[in-house]
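Colleague: Could you walk me through this one before I go back to the bench?

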Amino acid sequence: MEAEKERKLSIPPRGIRAIIEAVRLGEVIKPSQYAKREAFKKHEIKEAWLNRTLTMIFYDIMKKQGLIDKAIKDVVGVTPLILDPWLRAALRVAFDVILFHDPNQNTLKNLKWKASDFISSKTHPYVGMYYWDIFDKILEYKPNPKTELEKLEWEYLAPAWLIERVRKLLGEETKAFFEAVNRKHEWISIRVNTLKTTPEEVIKKFEEEGVKVVQSKRIPVVLKIMGPYDFDSSDLFRKGKIIVQEEASAVASVILNPQPGEVVVDLAAAPGGKTTHMAELMKNEGKIFAFDIDKTRMKRLKDFVSRMGIKIVKPIVKDARKAPEILGEEVADRVMLDAPCTSSGTIGKNPELRWRLREQKIEEMAQLQRELLESAAKLVKPGGRLLYTTCSIFIEENENNVSWFLETHKEFKLVELFGPYDPGFLRGSMRAWPHRHETIGFFYALFEKLT
């Protein structure tokens, strides 16, 4: 009996306050891990066991948010999106803990009383009273999915429309795809800055720190380390010897293969993973014009460039569609267009994204991508190359755009890609998949301008 009690989830009052605040901040601070970090710091969550427990709950709520919101609506009678934001956060925490985590009696008591007191202090006492009044209804709630798709939503932790789209793409692999993106992500992918060090030296340093590390077989400068890892206090990070980057993202620069002395344009550069990688491949010789409209992310790019000892990047905070007017036409040996997209391939890393995505957004993004491709085409010199990539899984943003580009730009040909990942749905293109390659979903198409 005692052992059974030990296994039940235990969260002290401070932990209840911290997780509610983290969920509330997660709505306004992106990416959500920054919200979690800020809330945990404010509530002094220093114990490793408590940090792990609350982190698990936080990401579980992000992953199951749409389902939790349906449960809230069943109990409250309205969509939680119109509720007081502190009430919404407390309800999401309560439903997740009660439905999915087998809490002990102390945790349930804290969830009822301490959460009620906390949200009363943050908003209005009546809000806390309302939460307290309906708490017993939360305890009694049982999900009741009726259709096959509703049942799959609970199994795959995704909205029905997304499940249907993945089915059309992957068929029998659909279950494996969702299992992969729902798996606990303990490994952090980083890239070694070869201007300052080598993979071997970084591996040795990690091992000295007691960090478990594995080297990518596809891209040797990419390493995976077992998290959590404190980058803020890391010598390797502070001195610009490593940068956080997914393997699939690092593959893009290798495919484009910029050479020392060339002129390169990066059309959606921030926060700088591919920009800095290309500078390393160019051995810090040549010129990279890095465009992006996001000032905050461009600030991070500048910081990475400086920290990593890179001298050849010129950041330009402008809409990339204006690049031909700013730089002129046929000026670039290589153009990188890692286009803004729905980011649907990253739902394993950004679990709440699956519930924020809207199907109607796909065509809107595809149109923006085509406008950026038009600009990119103008920049490439005869004989030069253009790499088009997205971190989306949707055909509209990928193969359909490539077909459109080849039809409207006869001066380009598609250069067939043979690895390191799998062929796309259009001959010559390539795709990385979470369930096949243990990385984010990614798409690649390489074009060459005819001379």
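Modeller: Below we go through the sheet and then one helix residue. This is a predicted model, in which local features need pLDDT of at least 70, side-chain atom pairs count only at pLDDT 80 or more, and totals for chains, interfaces and linings use all residues. Residues are numbered from 1 along each chain as its sequence is written, and side-chain values use heavy atoms, with hydrogens and water left out.

Colleague: What is the order of the strands in the open sheet?

Modeller: The order is E2-E3-E1-E4, with antiparallel pairing, where strands are DSSP runs of E of at least two residues and helices are runs of H or I of at least four, numbered from the N terminus, and two strands pair if DSSP finds at least two bridges between them.

Colleague: And which are the edge strands?

Modeller: Strand E2 (213-215) and strand E4 (242-244) are the edges, since each pairs on one side only.

Colleague: How many bridges join E1 to E4?

Modeller: Strand E1 (residues 187-192) is joined to E4 by 3 bridges, and Arg191 has Ile243 in E4 as its bridge partner.

Colleague: Switching topic, where is Glu374 found?

Modeller: Glu374 is found in helix H18 (residues 361-379).

Colleague: Which residues does Glu374 touch?

Modeller: Not counting residues up to four places away in sequence, Glu374 touches Trp404 and His409, contact meaning heavy atoms within 4.5 Å. Glu374 and His409 are 35 residues apart in sequence and 8.9 Å apart in space, C-alpha to C-alpha.
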